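Here are my notes on the model you sent, set out as numbered points. Please read them with the structure open beside you.

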Amino acid sequence: TLVAHVFDEGSMELKGEPTAIAEGVTYDPSTNRGMFTVSSNQILVYQTGEAQSGSRLVMHDRAGKPTGVATKLSEYSYPHLALDDNRVSTNVWDYQSHNADIWIADLAQNRTTRFTFDPATETFSAWSSDGNNLIFDSNREGTFNLYQKPTRSNGEETLLLRSAFNKNPCDCSKDGRFLLYQENNTQSTHYDLMILPLNGNREPIPFLQTEFNETRGRFSPDARWIAYVSDESGPYEVYIRSFREPGVQTGTTRGTISGEQTQVSISGGDAPRWRGDGKEIFYFSHD
């Protein structure tokens, strides 16, 4: 319902009671705004009907043709495709609870199920190499920490990494040995890319820490390269940088896990993804 309320500019107060002007005015939940406007010559224009906001997840072939059925309309963000090419983990925003959770969409069966249920916020997710676990972030303790939960059973969530800084998972190496995540170290270097070994003592190792932002990292299928986004040249661009296994002797330096760098995009880029054989990189262009 669109209402009007008299406002006294002199006293800076509302006067009397509000009056209903129109019913069924369109409300856009994605922007929290009603669809109406008022001109300077006292003409009011408004729109009626229900608004649909959001997006759908749908598979496309190489030529851009949709394959299969799109998911229902919702507010999807940060989709991550599993190696089986059928399941997608994604962040879904709920306008009623004003909160985000991780959901899993099975594109083969056209079924979407909720994966996290904590009242806190979960945003990014990354599949384990075998697809049996999903790693995600949650701010249930204030800071965004990393958790892991089975995807094919009713197993419990387990804390994977807790630290003083907000963290978001990016990708797991195909051999299942390493997790790549981004860390917002606001005391020093903004967003950095970190490596968490998934075996042994699980001590985080910096992959790229500079005075710039490095985000959205992805392992190549052979885990020899990492594609990522950086603003070192001003606008965000896509780069690739070689990845060396921690502790391996390389020349005269032991423990250096990031090597030579190559710039991929030239006029802005974001969200890089490797082709399954590692011979191509896909990314969003800023134009």
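1. The chain has zero helices and 28 strands, where helices (H or I, at least four residues) and strands (E, at least two) are DSSP runs numbered from the N terminus. This is a predicted model, in which local features need pLDDT of at least 70 and side-chain atom pairs count only at pLDDT 80 or more, while totals for chains, interfaces and linings use all residues. Residues are numbered from 1 along each chain as its sequence is written, and side-chain values use heavy atoms, with hydrogens and water left out.

2. Along its principal axes the C-alpha trace spans about 80 × 45 × 40 Å, and 39% of the 287 residues are buried (under 20% relative accessible area, 1.4 Å probe, protein chains only).

3. The largest nonpolar core (buried Ala, Val, Leu, Ile, Met, Phe, Trp, Tyr and Cys residues joined through side-chain atoms within 4.5 Å) holds 14 residues, and among those touching the most other members are Leu180, Ile195, Phe219 and Phe243. Strand 18 (178–185), strand 19 (190–197), strand 20 (205–208), strand 22 (225–230) and strand 23 (237–243) each supply at least two residues of this core. A second, separate core of ten residues includes Leu146, Met194, Leu196 and Leu198.

4. Leaving aside residues up to four places away in sequence, Phe219 touches residues including Asp171, Leu180, Ile195, Phe243 and Trp274, a contact being heavy atoms within 4.5 Å.

Conventions. Buried < 20%, exposed > 50% of the residue type's maximum accessible area, 1.4 Å probe, protein only.
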